[in-house]
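This report covers the fold, selected helices and strands, internal cavities and backbone outliers of one protein chain. Please read it alongside the sequence and coordinates shown here.

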Amino acid sequence: MDDCSAASTFLTDSLELELGTEWCKPPCFSCAFDDRGGGKHFSGESYLSSGALKRLILNLDPLPTNFEEDTVEIFGIQWVTETALVNSSRVLFHLFRQQLYNLETLLQASCDFGKISTLHCKADSIRQQCVTFLHYIKVFIFRYLKVRNAESHVPVHPYEALEAQLPSVLVDELQGLLLYIGHLSELPSINPGVFVNQNQIKLFPPSWHLLHLHLDIHWLVLEILHMLGEKLKQVVYSHQFVNLAGDNLTNVSLFEEHCENLLCDLISLSLNRYDKVGPSEALIRHHCPCACIKELWVLLIHLLDHRSKWSLSESFWNWLNKLLKTLFEKSSDRRRPSVPIIQPRDPLGFSWWIITHVASFYQFDRHGAPDERRQMESNWNFAEELLKKSISVQDGILEEQLRMCLHCCLTLCDFWEPNITIVTVLWEYYSKNLNSSFSISWLPLKGLVNIVKSSLSMLEMVKTCCCDKQDHDLYKSNSSYTIFLCILAKVVKKAMKNNGPHPWKQVKGRSMHQQLCQELQKENMDLIAQSSLSAKERHLAAVASALWKHFFSFLKSQRMSQIVPLSQLADAAADFTLLAMDMPSTAPCDLQPQPVTSMIQLFGWDDIIWPQVVARYLSHFLQNSMLCEALSHSGCVSFQALTVRSWIRCILQMYVKNLSVPDDVFVDLSPEQAVEKEYMEQLAELTRLLFKLSEVKNIFSEAQVEYSPIPEDPRKALVQFLEAVGITYGNLQKLSDKSAMVTKSLEYLGEILKYIKPYLGKKVSSAGLQLTYRMMGILVKSWAQIFATSKAQKLLFRIIDCLLLPHAVLQQEKELPAPMLTAIQKSLPLYLQGMCIVCCQSQNPNAYLNQLLGNVIEQYIGRFLPASPHVLSLGQHPVLLAVRNSATVPPMSSLKKCIVQVIRKSYLECKGSLLPPRLASILAFILQLFKETNIDISEVELLLPGILKCLLLVSEPQVKRLATENLQYMLKACQVGSGGERAAQLTSVFRHFIQDYDTRYSYQIYNILETVAALDQQLVVHLISTLTQSLKDSERKWGLGRNIAQREAYSKLLSHLGQDGQDEMQRLENDNT
């Protein structure tokens, strides 16, 4: 195959070279070639690389070494090479359609690594058979089809009669085949996947083979129709079909109809891709889903332009223009389209996009090799129409659309001959619109467009406009006006190179800034700039001083107001910042000695500025590499940390504007919808730029945390950053490094409580509270090791006091606002886990911190206890969640211990004769706590006395049931792996319980111990001596002799204790005291 491709590549325009007799694999579409080197544009098997297109255009034998034998195998059957198509054309086409059907049925099989090899081989075999047949038709037409004289009345052989009908039969069958396969744009997938086996061989699913076979059919039908016309030199009429106009279908009309269908298909495929392309990506994102679609475009360009030279059809550009113009017509006025084309969202933008990319295909010669010297056919007439439509939109064209169309226009100026009309049209437009805003709201300006430029920066702009190679980021970095100047420079330079100074005189006659026009002449540019430098600088310094004095004072006064639109305020401040960098001496004295740093402090780092202004301003600032570099060398070592601080504030305060509106307005909106779309986009852009700062990148790198370089949600990005800081600190080993990291971390936060304070006032924002409590909870947990240092603990205390223990919380009778309570409930586990880690790792044991943790637990166990003790509702209690989600973390055992201590002190202690409130719910809470965590004997020692007291003193059935369940659960848990020490501790708890209450509640105690005996008989056996002594003490106290009733109740308990109990009963009987 490679030998064949290489040989046919070197065919001359007038002579075929002598080729070997080896069968060559017929050309076909394939994008399965290796282009890792970047030099190949098309596969070696392609119609371009194999020389097939060149042979078609030069009317040479399509495959000179193939079909040379007397017989040929097609679809697994042997046929006579020279007669098969005449004798059996309809049978062959029927077999062709049958093979197509077989390939389509393979699509229903599931593709996985186990089946892909078999499916690939079957699909590839079918495709090769079909492609071979179509190439056989081409060879048959070229070699064996004889041109008959239609006027001759000489009797002919039956074969000759059949042969005379073959052209019409071919037109019929080709039309039928096209109707059978339908349109390219109707295929389910235009870019199927690929499998690679262990030998690095690419295996394709049946859908890939079907798509590429369709491409082969569409192209080879055009080849066959073209060769038929070239061979017969006359029109061939169909016997079965008429065209849409009602006329008999011919080879010529079928060629034109199919060509139009194919172009419509390619336009539709391009439209699908255009919907995913942003204006800034127009010249980066291509319209071809794969190299085969690109090859089909190139083939059509060559074939149609070749035929147009002989007046056989219209040129390629005429075909494409005619179809693109239908996109602008109303559906009622539109002429009949061969293929329905979906209406694009932006017909103008799409037309610019596609003609620019298609124009680049003219660089490929007939072998698919790029040739920069090749004359590229222009399409300026249509481009002029598009340009006039673009700038004559009734409501005015958007800057983002204008930049895109001019960027495309500039690219076309590179491809085509110079066009003065384009320049004059744009000249007229800008001469009337020089006062327009050339900014895009969602796009930070690269270079911060200056209100006034210095002479050097003006010179740089002129050089940029005159540069032969334009920056790929031209859309983002320059306004549409600057792109127009680039077009002007390019057209004038090209025209003057070809025609001398005449074109420049045409342009120069227009009424525009004469000085700039002179500067655009590259030959005189440096001289002009140098001669006017001094005067210009004096003039610009005077203008800049006036701007600082009059306009900047107004700008500064509006920092905290909303009179000026916030986006415009940020843009103007960014312009003045660059002016301060470019001409620092002109800045007012209150900004000296470092006017740039002072400007950023005023509009980027000051906590009182609206976050909408800060986010947009900082996006401008961070995108300017010169400005960032200037700050790095200015001695402002903290500029990255201060910028991170402002970014954190911008995210935390994203809902502050909502506080001026009642909260119920946002009740049906998601948190994302509650923020202005423009501000969210600006925050996303700021986040993207901030993540490029070296300090931020280092933190993520040292933490070994993956993050998205283009974060979609700034809130998630902030969570990632906070967690990465905590991990980085934890990985540090040296004390000096740790101390420096604590200082840097606190610098990132600044006065963070001031940022969230607006949400904690009387005006409520549910979304703001949710964001505040969640982010601060993540901060407390992920920075726990930082907060364990004495330097950072003060901030932790303030966070807890402000968010979890404000004055309103301490008033138990006062209900908290529902949005605040919801926010606390969702985030409380984070705070508890973080505080617990701090308590365990604190550099200096801090009683106050432990007290704070206890106070928080005490407050919120009660606040979130359900009204009735249902396990389902208890399962989501935030205090339980804190322990459940962190049970594997060693420091969390101390959290559970603290919870147990709080319950014992605040929820199980009787106050005088009053029982604790909500006793059933707290018992259910304790039960759930022990079910979800491992029980420690020390915790049982703390809670068991209270549980026993509930059983003894409370008669409410629900309390008794829950207390009994707790008792049973504790005893069962203590039995597992219990040793002597644990048994002794439990015995001690029960012994004290008996000693405290047996005198008054002996009968109830016996009943409780019967329950205990059922679970742990030995435990009660150890209590026999205590119980007997308590009985005797009671009898002695009352002085009435034996208490028969009590002894009977005690004997009942002893009867459950086996032999030890029987022995004790006998001793009691024998005891005469």
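Helices (H or I, at least four residues) and strands (E, at least two) are DSSP runs, numbered from the N terminus. The model is predicted, so local features need pLDDT of at least 70 and side-chain atom pairs count only at pLDDT 80 or more, whereas totals for chains, interfaces and linings use all residues. Residues are numbered from 1 along each chain as its sequence is written, and side-chain values use heavy atoms, with hydrogens and water left out.

**Overall content**

The protein chain has 46 helices and six strands. Buried means under 20% relative accessible area, exposed over 50%, and partly exposed in between, with a 1.4 Å probe and protein chains only. Of the 1073 residues of the protein chain, 53% count as buried. Contact means heavy atoms within 4.5 Å. Among contacts in the protein chain with a separation of 6 or more, 75% are between residues 24 or more positions apart.

**Tyr773 and helix H30**

Tyr773 lies in helix H30, residues 766-782. With 0% relative accessibility, Tyr773 counts as buried. Leaving aside neighbours within four places in sequence, Tyr773 is in contact with Leu760, Leu803, Leu804, Met820, Ala823, Ile824, Ser827 and Tyr831. One of these, Ser827, is 54 residues from Tyr773 in sequence and 6.1 Å away in space, C-alpha to C-alpha.

**Helix H38**

Helix H38 (residues 892-906) has 15 residues. The distance from its first C-alpha to its last is 21 Å, close to the 21 Å expected at 1.5 Å a residue; the expected span is 1.5 Å times one less than the number of residues. The buried residues of H38 are Met892, Leu895, Lys896, Cys898, Ile899, Val900, Val902 and Ile903. An α-helix has 3.6 residues a turn, so residues three or four places apart point the same way. The buried residues of H38 pack against helices H34 (818-841), H35 (847-863), H37 (878-884), H39 (919-932) and H40 (937-953).

**The hairpin of E1 and E2**

Two strands pair if DSSP finds at least two bridges between them. Strand E1 (residues 71-74) and strand E2 (residues 77-80) run antiparallel and are joined by four bridges. The bridge partner of Thr71 in E2 is Val80, and Glu73 stands opposite Gln78. Side chains alternate along E1: Val72 and Ile74 point to one face and are buried, while Thr71 and Glu73 point to the other and are not. Two residues lie between the strands of this hairpin.

Phe67 is in the loop between H2 and E1. This residue is buried, with a relative accessible area of 3%. Phe67 and Phe140 are 73 residues apart along the chain, and their C-alpha atoms are separated by 9.0 Å.

**Backbone outliers**

Most residues other than glycine have a negative phi, and most peptide bonds are trans. The table lists two non-glycine residues with a positive phi.

| Residue | Phi | Loop | Relative accessible area |
|---|---|---|---|
| Phe75 | about 55° | between E1 and E2 | 10%, buried |
| Lys233 | about 55° | between H6 and strand E5 (237-242) | 63%, exposed |

A cis peptide bond joins Gln592 and Pro593, with omega about 5°. Pro593 is found in the loop between helix H20 (566-582) and helix H21 (595-605).

**Cavities**

Rolling a probe the size of a water molecule over the atoms shows where empty space is left. On a 1 Å grid over the protein atoms alone, a cavity is a set of points where a 1.4 Å probe fits but cannot get out, and lining residues have an atom within 4 Å of a point. Grid points are joined across faces, edges and corners, and a volume is the space filled by probe spheres set on the points.

The structure holds five cavities of 30 Å³ or more. The largest cavity has a volume of about 60 Å³, and Ala52, Arg55, Leu56, Asn59, Leu60, Pro62, Lys138, Glu223 and Met227 line it. Helix H2 (52-57) and helix H6 (206-232) each supply at least two residues of this lining. The largest share, three residues, comes from H2. By class, the lining has five nonpolar, one polar and three charged residues. Here Ala, Val, Leu, Ile, Met, Phe, Trp, Tyr, Cys and Pro count as nonpolar, Asp, Glu, Lys and Arg as charged, and the others, Gly among them, as polar.

Methods. 1 Å grid on protein atoms, 1.4 Å probe; cavity = no way out; pocket = protein on both sides within 12 Å on 5 of 7 lines; lining within 4 Å.
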